[in-house]
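Work through the exercises below with the sequence and the model open. Try each task before reading its solution.

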Amino acid sequence: MFGEYDFPFKYESENLSLSIAGERGLLTYKRRCLGEEVTKLLGTTQGKVMISPVEPINLPQEVTPYLEIRFTPVACEPDSVQTLYLTFPVEIGVFLEAKGSYDVLDIFTLTSPKYSLYGTPVEGIITRYHESDVFPGIPEIDLVREGVLSLTIRNSSRGWVEVSRVVMDCTGFVLFCGDMVSLTARMEVLSRDLADVRIGDKPLCTGMFPATLLARARMRFIPETLPFMMEYGVGG
Amino acid sequence: MVAWDSVIYGSITLLDLIIFFISVIVVLVIAKIVALYLKRSLSDRIDRDELDKLIKVVQIAIVGIGIWLALPSFDFDVGQLVVIGGTGALIIAFASQKIVGNLGSGMFLLVERPVKIGDTMRIGSTEGTVHQIRVLSTIIKTFEGVYVRIPNESIFNSEITNFVASPARRFEYRVSIAYDADSGAAIAAIRGLLANHPFVLKNPAPSVYVDSLADSGVAIVVRIWAPSKVWWSVRTEMLERIKQLLDGMGIEIPFPQRVITFANTGMKGKQEPGGDNHAAENRG
């Protein structure tokens with residue numbers, strides 16, 4: 001599904017229908033997803049459409065750059081490294097491209113967004129919340145709903161630590177897509193309350209390509225990927 | 001005949017002063033032109049807020065460099081400048097205590113940062129969104145769209161309530177249901193409704209419970225945490241949806257009512273405001 005397409009364009013699946021049809025010069029974009037319908041007119045003669053996964057923090061509206069994934073607690077022994085595979089929600093962006101200029105036409109998701117608070121109501125942060133199972137290897141998932149996160153946990157503390165959540169800053173991170181949407185991250189656990197989370201810039205498998213950056217389409221400066229310090233605990 | 005070389009102060013002549021002011025005006029015009037050029041050429045490439053910041057930085061740099069280049073025409077002595085500046089500051093301080101007070105308060109506001117642009121605040125009796133923070137005053141746009149300029153000294157001395165300083169806010173509803181309704185089913189349904197709304201926070205979890213057995217019905221309290229940025233829209237939306245949910249379940253939200261017992265007959269009547277007295281009907 002993800003990639004670059006010429007007009008006219010059509011994609012149909014059980015819960016999703018995307019189409020761009022009509023005469024060049026005035027095309028009609030239609031999207032039907034989970035009972036919601038969106039129609040837009042496109043005034044283009046040379047443009048292309050790109051379907052790409054985007055950071056899952058845009059819907060229903062952008063209130064935070066942080067993504068929190070909760071999973072079954074994993075007890076990590078001192079001075080150990082463990083790689084887990086988790087899922088994360090996917091939002092799909094429909095981009096228009098012409099003459100080197102990008103614009104985001106539509107963003108939608110087949111998942112139900114939910115938000116949460118990590119930390120205290122005074123000093124914490126709002127996060128896009130997702131619950132995931134823990135997989136020992138790359139799981140088979142529906143690529144339009146979820147992506148695969150490869151999370152490498154290094155327990156640098158002197159004791160056992162139970163890890164059941166990871167919070168990451170989605171600012172500037174690059175998703176990779178192909179047969180699935182993927183992301184890699186490293187989490188260095190310093191104590192039960194403190195962990196450093198960094199997003200990787202490599203795909204999970206060979207042959208995957210980087211997704212279109214939403215920041216570029218929204219005319220924002222493309223930011224650096226930022227590490228995130230989890231200061232309110234890694235479990236609980 | 002104007003004597004261009006007449007000395008104003010020290011070695012500064014009238015001509016120096018005029019050259020300086022012309023230079024400043026030219027620099028301001030250049031800064032304005034550059035700002036317009038940047039706005040025209042970058043408005044389709046950079047986000048508006050970021051472009052405004054960039055333009056301000058460029059303008060300040062141009063004006064700063066221009067003034068720095070214009071100053072040598074004075075051939076001034078730094079020692080003299082300190083004396084002039086010190087004396088001038090003293091005069092200004094006495095002559096315009098309010099302005100200096102506002103300036104000082106503005107500086108403290110910039111350092112302490114109790115208010116930020118875009119924050120929803122109550123300052124004294126004014127509620128609204130902070131539109132601009134200037135050196136002497138702060139501009140608030142009220143929820144009615146009214147532009148209010150508050151001197152910084154007033155802000156500094158006022159009680160400031162920032163509605164969005166914390167990432168999340170809690171609000172609550174009291175929903176009354178009839179005594180014959182199933183309160184357990186109502187609570188479960190409300191919890192389900194809250195769980196499906198994206199901005200009703202997962203943590204801290206919403207709480208829904210029977211708070212009191214009131215005169216007219218069972219009072220259920222619904223407490224919800226929502227992101228501060230969207231709490232008002234969540235608050236308005238959820239109350240309506242709870243009402244629709246209870247209507248759909250056939251659960252009555254009762255009017256105030258009172259049961260009256262007549263001592264002589266032992267007959268009971270139910271009185272509702274605005275309605276006929278049932279007891280009166282029973283009397284016949």
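Four exercises follow, on a model that is predicted.

**Exercise 1. Sheet order and edges**

Task: In what order do the strands of the open four-stranded sheet of chain A run, and which strands stand at the edges?

Solution:
- Step 1. Write down the order: β1-β6-β9-β10 of chain A. The pairing is antiparallel.
- Step 2. Find the edges. β1 (3-5) and β10 (101-109) of chain A each have a single partner strand, so one side of each lacks a neighbour in the sheet.
- Step 3. Add the twist. From one strand to the next, it averages 25°.
- Step 4. Zoom in on one pair. β1(A) and β6(A), residues 48-54, are joined by three bridges in the antiparallel sense. Across this pair, A:G3 faces A:I51 of β6(A).
- Step 5. Recall what holds such pairs. Strands of a sheet pair through backbone hydrogen bonds.

**Exercise 2. Cysteines**

Task: How many disulfides does the structure hold, and is A:C76 buried or exposed?

Solution:
- Step 1. Recall the bond. A disulfide covalently links the sulfur atoms of two cysteines.
- Step 2. Count over all chains. The number of disulfides is zero.
- Step 3. Check accessibility against the cut-off for buried, under 20% relative accessible area. A:C76 has a value of 1%, so this cysteine is buried.
- Step 4. Repeat for A:C170. Its relative accessibility is 1% too, so A:C170 also counts as buried.

**Exercise 3. The cavity**

Task: Which residues line the largest cavity, and how do they divide by character?

Solution:
- Step 1. Count cavities of 30 Å³ or more. There is one.
- Step 2. Note the volume. The largest cavity holds about 40 Å³ of space.
- Step 3. List the lining. It consists of A:P53, A:V54 and A:E55, then A:F173, A:V174 and A:L175, then A:A211, A:T212 and A:L213.
- Step 4. Sort the lining residues. Seven are nonpolar, one is polar and one is charged.

**Exercise 4. A hairpin in chain B**

Task: Which side chains of β6(B) are buried, and how many residues lie between β5(B) and β6(B)?

Solution:
- Step 1. Split β6(B), residues 147-151, by face. B:V148 and B:I150 point to one face and are buried. B:Y147, B:R149 and B:P151 point to the other and are not buried.
- Step 2. Identify the partner. β5(B), residues 137-142, pairs with β6(B) in the antiparallel sense over five bridges.
- Step 3. Match residues across the pair. Buried B:I150 stands opposite B:T138.
- Step 4. Close the hairpin. Four residues lie between the two strands. In the turn, B:G145 has a positive phi of about 85°.

Conventions:
Residues numbered from 1 in each chain as written. Chains lettered and ligands numbered in written order. Predicted model: local features only at pLDDT ≥ 70, side-chain atom pairs only at ≥ 80, totals over all residues. Heavy atoms only, no water. Pairing = 2+ DSSP bridges. Axes fitted to C-alpha atoms, helices over the stretch in contact; angles between N-to-C directions. Disulfide = S-S within 2.5 Å. Buried < 20%, exposed > 50% of the residue type's maximum accessible area, 1.4 Å probe, protein only. 1 Å grid on protein atoms, 1.4 Å probe; cavity = no way out; pocket = protein on both sides within 12 Å on 5 of 7 lines; lining within 4 Å. Points joined across faces, edges and corners; volume = space filled by probe spheres on them. Nonpolar A, V, L, I, M, F, W, Y, C, P; charged D, E, K, R; others polar.
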